[in-house]
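Biologist: Could you take a close look at one part of this model for me? I'd like to hear about the charged side chains.

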Amino acid sequence: MGRRQQWIYIVEPAEWPSDFPKRLESFKDAAGLTWRGLARLQRVNVRTVRRWRSGTTPSAGHLLALLEAAARRELLHHLLPDARQNPRLDHDEGRPVTR
């Protein structure tokens with residue numbers, strides 16, 4: 001029998017963007033929401049949104065809900081500014097997809 005290969009996995013936490021509070025405010029303004037309205041949309045307490053504004057990372061579930069809300073409103077680029085700079089590519093020809 002052959003020798004068993006060993007794998008070593010090094011898991012490092014992803015780096016949270018330091019400008020997330022600015023991105024959150026940009027999304028809120030573009031969506032025409034108040035901070036209270038954003039909290040209601042996310043079904044969280046206003047204090048939770050205040051923590052996000054001060055730099056606390058939203059939980060995975062809250063972040064997913066926030067991204068889904070932004071995507072539904074076609075405002076995802078406010079939370080993920082690189083989204084407009086990296087267009088999807090057509091798999092067959094390697095060209096940007098146009099709608």
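Is R50 buried, partly exposed or exposed, and why does it count that way?

Modeller: Sure, and bear in mind that this is a predicted model. R50 counts as partly exposed, because its relative accessibility comes to 49%, and the cut-off for exposed is over 50%. As for where it sits, R50 belongs to helix α3.

Now for its company. R50 is one of a group with R36, R40, R47, R51 and R53, and together they make a patch of positive charge on the surface. Two helices each put at least two residues into that patch: α2, spanning 35–42, and α3, spanning 46–53. Helix α3 gives the largest share, four residues. A residue needs over 30% relative accessible area and no salt bridge to join a patch, so R50 with its 49% clears the accessibility part.

That brings us to the charges that do pair up. Side chains of opposite charge can pair when their charged atoms come close. Here the count is two salt bridges. One links D19 to R23, with 3.0 Å between the closest N and O atoms. D19 is partly exposed because its relative accessible area is 31%, whereas R23, at 18%, is buried. The other bridge joins K28 and D29, whose closest N and O atoms lie 2.9 Å apart. K28 counts as buried because its relative accessibility is just 9%, while D29 is partly exposed at 46%. So in each bridge you get a buried positive residue, R23 or K28, paired with a partly exposed negative one, D19 or D29.

Technical notes. Residues are numbered from 1 along each chain as its sequence is written. This is a predicted model: local features need pLDDT of at least 70, side-chain atom pairs count only at pLDDT 80 or more; totals for chains, interfaces and linings use all residues. Side-chain values use heavy atoms; hydrogens and water are left out. Patches are made of residues with over 30% relative accessible area and no salt bridge: like charges are joined within 9 Å, nonpolar side chains (Val, Leu, Ile, Met, Phe, Trp, Tyr) within 5 Å. Accessible areas come from the Shrake-Rupley method with a 1.4 Å probe; for residues, only the protein chains shown count as cover. A salt bridge is a side-chain nitrogen of Lys or Arg within 4 Å of a carboxyl oxygen of Asp or Glu. Lys and Arg count as positive and Asp and Glu as negative; His and the chain ends are not counted. The place of a charge is taken as NZ of Lys, CZ of Arg, CG of Asp or CD of Glu. Buried means under 20% relative accessible area, exposed over 50%, partly exposed in between (1.4 Å probe, protein chains only).
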